[in-house]
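This report describes one protein chain for a reader who has not met it before. Please keep the sequence and the structure in view while reading.

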Amino acid sequence: MRKILIVDDEHELVEAYVALLGRDGMHCLPAFDAEEAMRIFDSQHPDLVLTDLNLPFSSGYEVIRHIHDLSPATPIIVMTGYSAPETNRAAERAGALLCLNKPVPIGVLIEQIRIALERGA
């Protein structure tokens, strides 16, 4: 079972993704701020990370850099409500695989997760 770290300060969104992705056979690890996300990544070593950029205590960019520095092969998908070409480029330079605009339809999210995991397999 693939482990997915989901990082967002919107608790309802995270809980919905945990439930929906869980039904698709993925084990989800929720985190609601950047510090928690980095602790979970360090201890659980998920196969893929979904993260927002606007997080409490630190930015999603810090999460991306931390994960990319420790495990460059781990796919990171950004989900953001503030997408702009500059934002997407900055996230990709930090180590993100791609950026998706919120709200991300669950079918699109599952498809992108599968593609990212196949690339990294």
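## Pairing of S3 and S4

Strand S3 and strand S4 (residues 76–80) pair in the parallel sense over three bridges. Strands and helices here are DSSP runs numbered from the N terminus, with at least two residues (E) for a strand and at least four (H or I) for a helix; two strands pair if DSSP finds at least two bridges between them. Val49 has Ile76 of S4 as its bridge partner. From S3 the chain crosses through helix H3 (residues 60–70) to S4, and this β-α-β crossover is right-handed, a term meaning that, with the strands pointing away from the viewer, the path from the first strand over the helix to the second runs clockwise.

The model is predicted: local features need pLDDT of at least 70 and side-chain atom pairs count only at pLDDT 80 or more, while totals for chains, interfaces and linings use all residues. Residues are numbered from 1 along each chain as its sequence is written, and side-chain values use heavy atoms, with hydrogens and water left out.

## The sheet as a whole

The open sheet has five strands in the order S2-S1-S3-S4-S5, with parallel pairing. At its edges are strand S2 (27–31) and strand S5 (98–101), each of which pairs on one side only. On average, neighbouring strands are turned by 20° against each other, direction ignored. Strand S1 (residues 3–7) runs parallel to S3 and is joined to S3 by four bridges; Ile4 has Leu48 as its bridge partner in S3.

Helix H1 (residues 11–23) lies across S1, S2, S3 and S4 and runs at about 170° to S2. Such angles run from 0 to 180 degrees between N-to-C directions, and axes are lines fitted to C-alpha atoms, for helices over the stretch in contact.

## Both faces of S3

In a regular strand the side chains alternate between the two faces of the sheet. Which residues of strand S3 (residues 48–51) are buried on each side? Leu48 and Leu50 are buried on one side, and Val49 and Thr51 on the other, so that both faces are covered. Buried means under 20% relative accessible area, exposed over 50%, and partly exposed in between (1.4 Å probe, protein chains only).

Thr51 counts as buried because its relative accessibility is 0%. Opposite Thr51 in S4 stands Val78. Beyond neighbours within four places in sequence, the contacts of Thr51 (heavy atoms within 4.5 Å) include Val7, Gly60, Val63 and Ile64.

## Helices H3 and H4

The axes of H3 and helix H4 (residues 85–94) come within 8 Å and cross at roughly 25°. H3 is therefore roughly parallel to H4, a term for angles under 35 degrees. Tyr61, Ile64, Arg65 and His68 of H3 make the contact with Thr87, Ala90, Ala91 and Ala94 of H4.

Leu70, also found in H3, is exposed, with a relative accessible area of 53%. Leaving out residues up to four places away in sequence, Leu70 touches Phe41 and Asp42. The C-alpha atoms of Leu70 and Phe41 are separated by 9.5 Å, with their places 29 residues apart along the chain.

## Backbone details in the loops

Two residues that are not glycine have a positive phi: His45, at about 50°, and Phe57, at about 75°. His45 lies in the loop between helix H2 (34–44) and S3, and Phe57 in the loop between S3 and H3. His45 is exposed at 53% relative accessibility, as is Phe57 at 64%.

The peptide bond from Lys102 to Pro103 is cis, with omega near -5°. Pro103 is found in the loop between S5 and helix H5 (106–120).

Key
Parallel < 35°, antiparallel > 145°, perpendicular 65-115°, else oblique.
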